[in-house]
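Work through the following exercises with the coordinates open beside the text. Each task is followed by a solution that proceeds step by step.

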Protein chains: 2
Amino acid sequence: MSAIPNSFMERAIQLSLENVRSGRGGPFGAVIVQGNEIAGSGVNSVTGTNDPTAHAEVMAIREACQRLATFQLSGCQMYTTCEPCPMCLGAIYWSRLDCVFYGSTREDAAEAGFDDAFIYDELCRSRAGRTVRMEPLMREQTLEAFREWKRSGLKIPY
Amino acid sequence: MSAIPNSFMERAIQLSLENVRSGRGGPFGAVIVQGNEIAGSGVNSVTGTNDPTAHAEVMAIREACQRLATFQLSGCQMYTTCEPCPMCLGAIYWSRLDCVFYGSTREDAAEAGFDDAFIYDELCRSRAGRTVRMEPLMREQTLEAFREWKRSGLKIPY
């Protein structure tokens, strides 16, 4: 493997360490690369910004999409200091990234007090078996938006 | 069941329909309720804002957290027009919501052209079996941020 992937991971590690040392957020950093350039980066900003979705990977995706003026990152790679949690992995699929290089694992995150492994287990359960209660309600009425979407001439698929 | 849950879902449905009719985004709406008040709401804003993470549920969580000045929504409920995708369900766990009322299902979403069901399948696979390539890199070096986090006096756990 060339030195380049390591240098991108080194940048993500530097971000994660700065984030812990400053007290701004959790011990996570991520960068997104297009070609050999960093297109976006992020650190965990949950507590600093009152945004539970502000994980390093989500922040990096948001920044790269703003910079590249797109909602899809096909052809880009992510370097993240820890295996993405289910929220972030979902965001990686929606953003169409090609590849994820990750440092530590969900088990390492769990050992440091984070719920990543627990949430993976929960997501793979049936709705009825989860700790968060999930209740169906008014399905027929909610389907109208899908019907209108299918025949809309204004829609931008994603 | 009282009329109140239905009125909150009706608001989410109204938001989803307005979003399709305006061409601003996908056919999804969500509201977050604390007590009997709407604390935040959101519509799918992926294409309109170039943010692949801007699903209705994520937008509603972000808005409720800003309004309530917190990064945790314990004691709140979500009403969403469609079963949350894995990214949004992950965000629901991280935000500590109590309960999710959902209208249509991941299968309904798939039938309308959205990848929710596919991403659930992918997340529950081993890393090696996924369509997005996942490569371990520099684990030992990334663990230093966890070690510093554990002994940090500045950290705010979440």
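Helices (H or I, at least four residues) and strands (E, at least two) are here DSSP runs, numbered from the N terminus. Because the model is predicted, local features need pLDDT of at least 70 and side-chain atom pairs count only at pLDDT 80 or more, while totals for chains, interfaces and linings use all residues. Residues are numbered from 1 along each chain as its sequence is written, chains are lettered from A and ligands numbered from 1 in the order in which they are written, and side-chain values use heavy atoms, with hydrogens and water left out.

**Exercise 1. Locate B:Thr47, state whether B:Thr47 is buried or exposed, and list what B:Thr47 touches.**

Solution. Begin with the secondary structure, where B:Thr47 falls in helix H2 (residues 46-49) of chain B. Next take the accessibility, for which buried means under 20% relative accessible area, exposed over 50%, and partly exposed in between (1.4 Å probe, protein chains only). B:Thr47 has a relative accessibility of 12% and therefore counts as buried. Finally collect the contacts, a contact being heavy atoms within 4.5 Å: when residues up to four places away in sequence are not counted, B:Thr47 touches A:Phe71, A:Ile156 and A:Tyr158 in chain A, and B:Arg24 and B:Gly25 in chain B.
In the loop between H2 and H3 of chain B sits B:Asn50, whose phi is near 50°, a positive value in a residue other than glycine.

**Exercise 2. Determine the strand order of the open sheet of 5 strands, and which strands stand at its edges.**

Solution. Two strands pair if DSSP finds at least two bridges between them. Applying this criterion gives the order S5(A)-S4(B)-S3(B)-S1(B)-S2(B), with mixed pairing. Strand S5 (133-136) of chain A and strand S2 (37-43) of chain B each have a single partner strand, so one side of each is left without a neighbour in the sheet. The angles rest on axes that are lines fitted to C-alpha atoms, for helices over the stretch in contact, and run from 0 to 180 degrees between N-to-C directions; with direction ignored, neighbouring strands of this sheet are turned by 20° against each other on average.
Within the sheet, strand S1 (residues 29-34) and strand S3 (residues 76-82) of chain B run antiparallel and are joined by 5 bridges, and B:Ala30 has B:Thr80 opposite in S3(B). Helix H3 (residues 56-68) of chain B lies across S1, S2 and S3 of chain B and runs at about 140° to S2(B).

**Exercise 3. Find how chain B can be laid on chain A, and which residue of chain B comes closest to the rotation axis.**

Solution. The copies are superposed by least squares on the C-alpha atoms of residues with pLDDT of at least 70 in both. A turn of 180° with a shift of 0.0 Å along the axis lays chain B on chain A with an RMSD of 0.0 Å. The two copies are thus related as by a two-fold rotation axis. The residue of chain B that comes closest to this axis is B:Met87, at 1.9 Å (C-alpha).
Now consider the counterpart in chain A: A:Met87 belongs to helix H4 of chain A and counts as buried at 1% relative accessibility. Leaving aside neighbours within four places in sequence, the contacts of A:Met87 include B:Pro86, B:Met87 and B:Trp94.

**Exercise 4. Describe the contact between the two chains, and what covers H6(B).**

Solution. Count the residues: 96 from chain B and 96 from chain A take part. Buried area is the accessible area (1.4 Å probe) that two parts lose on being put together, summed over both; between chain B and chain A this is about 8500 Å², of which carbon and sulfur atoms give 66%. In chain B, the residues that lose the most area to chain A are B:Tyr93, B:Trp94 and B:Tyr158, together 10% of what that side buries.
Turn then to helix H6 (residues 116-123) of chain B, in which 6 of the 8 residues are buried, so the helix is largely enclosed by the rest of the structure. Among these buried residues are B:Ile119, B:Tyr120 and B:Leu123. Their cover includes helix H4 (86-95) and helix H6 (116-123) of chain A, together with helix H4 (86-95) and helix H5 (106-111) of chain B.
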